[in-house]
Each structure stands twice: as structure tokens, then as C-alpha cells.
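Subject: Handover of a structure and notes on its side-chain contacts

Dear colleague,

Please find below the structure I am handing over to you. My notes on the cysteines and the charged side chains follow it.

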Amino acid sequence: MNIDPFRIPTDIEIAEAERKLNFSFPLSYIEFLKGGSNVANAVFEPAVILPGCDYLNLFEIAETAWNHDGVPKDWLPFIEDNSDYFLISQAGEVRYWSHNGTTNEKWPTFSSWFQQVCVERR
């Protein structure tokens, strides 16, 4: 059987990922997953919840961020780039976490992050 880690996950697969991570995904992130997680204009790749793409595996990225890089467990790392992360809260806020130290980069909603970082690229 050929597994496609980039296909649209089912509701059951999303619910299973939430259970495994002990993290309720905000609706905006679920819509992002169901929309194909398209960040075509951005320079990074989002994590995937389906098996078959080790370097984008959300579970491994979260484990490393939470247990080795000091990211609080109430923030889910959905993009990792060289030990820097974009994180989302259960309320749908997004912030940037840098391994180089604190940053004030944050967005009140997933859609505002997506617009600025993925569409406008600034």
C-alpha cells in the first residue's frame, strides 16, 4: 500500500492526531489541514499528521519542540525550520518561536498569520 502523507486527512485522522498530541486543534488549523495545508507562497513546509514524511511528521516535531527546545505544551508547533517554529494555540493564536531567543512575532488569528506570512510574505 502506497501512503500519501500529503493527501487531505479525514476527520477521523485529525481527531486521532488531536488525541495523540493531547491538543485540541483550533477550527482554523483544521480548515488549514483540510485545505491541503497550502503555503505555496511561503519558504517553509507545514507539518503533516499522516505517516510517510519523516522530516514533516507533526508528532516528531512536537515531541522535539516540547521536550527538547522548551516550547510550552499549550502551543503546537505546526511548522519547523532549523529549530525555529511557528506555533498555534488552542484558541487559534499564532506565534513565532526562535531558538536564538525571544521574539515578539505573533498574530491574533491563524488567518492573519496566513495572510501576512504565506500570502503577502512580509
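Is Cys118 buried or exposed? Cys118 is buried, with a relative accessible area of 2%. Before going further, please bear in mind that this is a predicted model.

**Cysteines**

The number of disulfides in the model is 0. Cys53 takes part in no disulfide, and the nearest cysteine sulfur to its own, that of Cys118, lies 17 Å away. Why is there no bond from Cys118 to Cys53? A disulfide requires two cysteine sulfur atoms within 2.5 Å, and the sulfur of Cys118 is 17 Å from the one in Cys53, its closest, so the two are too far apart for a bond. Cys53 is also buried, and its relative accessible area is 8%.

**Salt bridges**

How many salt bridges does a search of the whole structure find? The search gives 3 salt bridges, and each is described below.

The side chain of Arg7 meets that of Glu13 in a salt bridge, with 2.5 Å from N to O. Arg7 is partly exposed, at 36% relative accessibility. Its partner Glu13 is likewise classed as partly exposed, with a relative accessible area of 24%.

A further salt bridge joins Asp11 to Lys34, whose closest N and O atoms are 2.4 Å apart. Asp11 belongs to helix α1 (residues 11-21) and Lys34 to helix α2 (residues 27-34), so this pair ties together parts that are 23 residues apart in sequence. Lys34 has a relative accessible area of 38% and is therefore partly exposed.

Glu16 and Arg19 also meet through their side chains in a salt bridge, again described by an N to O distance, here 2.5 Å. Where do these two residues sit with respect to each other? Both are in helix α1, 3 residues apart, which means that about one helical turn separates them. Glu16 is partly exposed, with a relative accessible area of 32%. Arg19, at 55% relative accessibility, counts as exposed, because the cut-off for that class is over 50%.

**Where to look**

When you open the model, you may wish to begin with Cys53 and Cys118, whose sulfurs are 17 Å apart. You could then turn to helix α1, which holds Glu16 and Arg19, and follow the contact from Asp11 in that helix to Lys34 in helix α2.

Yours sincerely,
A colleague

Methods:
Residues numbered from 1 in each chain as written. Predicted model: local features only at pLDDT ≥ 70, side-chain atom pairs only at ≥ 80, totals over all residues. Heavy atoms only, no water. Buried < 20%, exposed > 50% of the residue type's maximum accessible area, 1.4 Å probe, protein only. Salt bridge = Lys/Arg side-chain N within 4 Å of Asp/Glu carboxyl O. Helix = DSSP H or I, 4+ residues; strand = E, 2+ residues; numbered from the N terminus.
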